Amino acid sequence: MSAASRAEAPAFVAKTKAGRITDFVDARVGGSGMLREFGRKVFPDHWSFMFGEVALYSFVILLLSGTFLTFFFDPSMAETRYDGSYLPLKNVEMSVAYSSSLDISFDVRGGLFMRQVHHWAALLFVASIGVHMLRVFFTGAFRKPREMNWVVGSVLLILAMAAGFTGYSLPDDLLSGNGLRIIDGVIKAIPVVGTYISFFLFGGEFPGTAVIGRLYMLHILLVPALILLMIVLHLFMVVVHKHTQYPGPGRNDGNVVGYPLGPVYAAKAGGFFFIVFGVIALMAAFFTINPIWNYGPYDPSPVSAGTQPDWYIGFVDGALRLMPGVIGDFHFEYVIFGYTLTLNVLLPALVPAGILFTVMFMYPWIESWITKDTREHHVLDRPRNAPTRTAIGVAGFVWYCVMWAAAGSDLIATHFHVSLNDVTYWLRALFFIGPVIAFVVAKRVALALQRKDREIALHGRETGRIVRLPHGEFIEVHAPLDEYKRYKLVGFESPSPLPAVPNDHGIVTRKEKQRAFLSKWFFEDRVAPATPAELEAGHGHHAPAVEAGEESKSLSH
């Protein structure tokens with residue numbers, strides 16, 4: 001085609017005003033190609049994938065509600081006397097930050113509703129990230145090539161906790177002040193530099209005059225920016241690596257079976273966002289959370305009973321409560337070279353959290369080293385088919401929950417009319433033996449479910465029909481499974497333990513021996529899936545004819 005003919009070709013002209021604006025922007029930005037390519041991305045359909053969406057939508061709601069609150073909140077710690085609508089605190093001396101929080105709650109139209117939307121969305125944000133990461137862990141979605149995405153998710157969880165804690169402390173009420181007092185104690189327990197860090201953070205001796213303003217900057221600028229960066233990185237890697245999918249016929253590591261992002265998932269995502277927003281709005285409208293007017297302004301002198309932090313920080317408070325100050329004649333506090341080393345604060349505040357997050361960050365590489373599995377995985381595991389991994393996850397979850405429950409040990413004692421000391425002793429015992437019991441029980445349950453799956457795959461499901469054979473024997477007739485259900489029960493890998501392998505010099509190193517020992521521990525109780533020959537042999541146990549409607553019954557397992 002000549003240049004003249006190209007020049008004479010009629011240009012596309014949109015018929016609507018919105019179309020003309022869109023065409024104008026696209027001609028200068030060139031976004032249609034990117035949107036077309038992104039819209040063709042296929043995503044599998046499963047309810048468990050929605051937890052990540054809940055986290056994303058909760059964060060959007062946090063940004064919107066937080067922007068509203070920013071217009072009215074004053075992060076100053078200057079002293080003032082309250083002159084607002086809440087009469088019980090009239091003329092009470094307090095900080096400007098607490099006074100402005102009360103004004104938002106009682107004098108700004110819709111202020112209390114937006115405060116509670118913000119707080120409920122923050123709790124849901126942390127909870128949905130936690131549940132999403134549990135789903136990723138139990139299904140093995142962290143394996144190659146998604147190890148770095150798992151690290152990004154772990155960083156997101158820590159940042160979500162940091163955002164929640166900094167926001168929780170801003171009203172400067174008695175409850176949040178007690179939380180800051182605990183943090184101050186933990187910081188001061190750090191050898192040598194702890195007192196200097198505390199002095200810098202609080203702008204002097206606790207509580208200082210600068211901490212609310214500094215937490216405010218962290219809460220509205222630094223932490224949200226880092227969260228947004230992590231979300232962008234996370235979504236970018238989801239698109240690059242393809243979405244994981246659950247096993248099923250026709251699904252493998254080379255494809256993705258599902259629906260395109262546009263228009264199917266775009267419509268679903270839009271609707272689901274408003275569902276999440278509606279649920280949070282209902283909770284904010286009908287369920288009071290953090291009634292700061294009941295606590296009063298922060299004063300370092302009084303101490304409140306029955307106070308707990310928001311649930312996601314509770315495990316640190318619980319670990320502090322579980323730690324004894326003295327065991328027999330052994331004390332946990334020393335003075336070394338003129339510095340006080342307070343281990344009964346430092347150890348519970350830092351060690352459990354350090355262990356939890358270190359294992360979380362390193363686990364993809366730990367499992368890859370034990371199994372020597374360097375392949376790419378895009379098909380997920382059923383948790384029962386990875387019993388040791390599932391048991392590790394349950395043990396870690398129970399360990400976290402014991403510390404979390406310990407944060408409410410005083411309320412447990414008062415509500416159930418039992419001794420606080422007895423509650424503490426039981427929780428101390430569970431801190432050590434709870435994860436062990438959880439590991440053993442979870443692994444046994446997973447293996448039992450595997451054996452049940454194998455039995456059903458070989459002999460079919462129970463029909464409840466008892467048949468008497470010609471020679472007098474009574475048997476229960478089993479109905480065969482359809483191909484989809486049978487694939488679900490047998491279509492998985494069951495690796496065997498890998499023995500130690502000598503290196504190039506013919507030497508089995510100590511590290512390799514340790515890996516072989518862990519491999520045996522990881523896979524020694526494996527239940528191999530039924531082979532095609534075993535499935536063929538098991539067909540003789542099925543009923544020759546099944547009543548109408550029998551095949552449509554669902555399999556319960």
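Is His-241 buried or exposed? In this predicted model, His-241 is buried, because its relative accessible area is 17% and the limit for a buried residue is under 20%.

**Figure 1. Surroundings of His-241 in helix H10.** Helix H10 covers residues 211-241, and His-241 belongs to this helix. Apart from neighbours within four places in sequence, His-241 is in contact with Pro-145, Arg-146 and His-378. One of these partners, Pro-145, is located in the loop between helix H6 (111-139) and helix H7 (147-169). The peptide bond that leads from Lys-144 to Pro-145 is cis, with omega near 10 degrees.

**Figure 2. A second cis peptide bond, between Phe-206 and Pro-207.** Most peptide bonds are trans. The bond joining Phe-206 and Pro-207 is cis, and its omega is about 0 degrees. Pro-207 is part of the loop between H9 and H10.

**Figure 3. Positive phi at Asn-91 and Val-192.** Most residues other than glycine have a negative phi. Asn-91 is not a glycine, yet its phi is positive, about 70 degrees. This residue, Asn-91, is found in the loop between strand E2 (79-81) and strand E3 (93-95). Val-192 is likewise not a glycine and has a positive phi of about 70 degrees. The loop that holds Val-192 runs between helix H8 (174-188) and H9. Val-192 counts as partly exposed because its relative accessibility is 45%.

**Figure 4. A nonpolar patch on the surface.** The patch consists of Val-192, Val-193, Tyr-196, Ile-197, Ile-327, Phe-330, Tyr-334, Ile-336, Phe-337 and Tyr-339, which together have about 1000 Å² of accessible area. Helix H9 (194-202) and strand E7 (333-336) are the elements that each give two or more residues to this patch. Tyr-196 has its place in helix H9. With a relative accessible area of 58%, Tyr-196 is exposed.

**Figure 5. Packing of helix H4 against helix H11.** Helix H4 (residues 50-70) and helix H11 (residues 261-286) pack at an angle of about 65 degrees, and their axes are 10 Å apart. The crossing of H4 past H11 is right-handed. On the H4 side, the residues that meet H11 include Met-50, Val-54, Tyr-57 and Ile-61. On the H11 side, those that meet H4 include Phe-272, Phe-273, Val-276 and Phe-277.

**Figure 6. Salt bridges within single helices.** Side chains of opposite charge can pair when their charged atoms come close. The whole structure contains 19 salt bridges. In one of them, Asp-184 pairs with Arg-181, and the closest N and O atoms are 2.9 Å apart. Both residues lie in helix H8, 3 residues apart, which is about one turn of the helix. Asp-184 is buried at 0% relative accessibility, whereas Arg-181 is partly exposed at 36%. In helix H13 (residues 314-322), Arg-321 and Asp-317 lie 4 residues apart, again about one turn of the helix. Their salt bridge has its closest N and O atoms 3.4 Å apart. Arg-321 is partly exposed, with a relative accessible area of 26%, and Asp-317 is buried at 10%.

**Figure 7. A salt bridge between Arg-444 and Asp-525.** The two side chains meet with an N to O distance of 2.9 Å. Arg-444 lies in helix H17 (residues 420-459) and Asp-525 in the loop between helix H19 (510-523) and helix H20 (532-538), so the pair ties together parts that are 81 residues apart in sequence. Arg-444 is partly exposed at 40% relative accessibility, and Asp-525 is partly exposed at 27%. Elsewhere, salt bridges with shared partners join Arg-143, Glu-367, Asp-381 and Arg-389 into one network.

Terms used:
Residues are numbered from 1 along each chain as its sequence is written. This is a predicted model: local features need pLDDT of at least 70, side-chain atom pairs count only at pLDDT 80 or more; totals for chains, interfaces and linings use all residues. Side-chain values use heavy atoms; hydrogens and water are left out. Patches are made of residues with over 30% relative accessible area and no salt bridge: like charges are joined within 9 Å, nonpolar side chains (Val, Leu, Ile, Met, Phe, Trp, Tyr) within 5 Å. Accessible areas come from the Shrake-Rupley method with a 1.4 Å probe; for residues, only the protein chains shown count as cover. A salt bridge is a side-chain nitrogen of Lys or Arg within 4 Å of a carboxyl oxygen of Asp or Glu. Buried means under 20% relative accessible area, exposed over 50%, partly exposed in between (1.4 Å probe, protein chains only). Contact means heavy atoms within 4.5 Å. Axes are lines fitted to C-alpha atoms, for helices over the stretch in contact, and angles run from 0 to 180 degrees between N-to-C directions. A crossing is left-handed if the near helix is turned anticlockwise from the far one by less than a right angle, and right-handed if clockwise.
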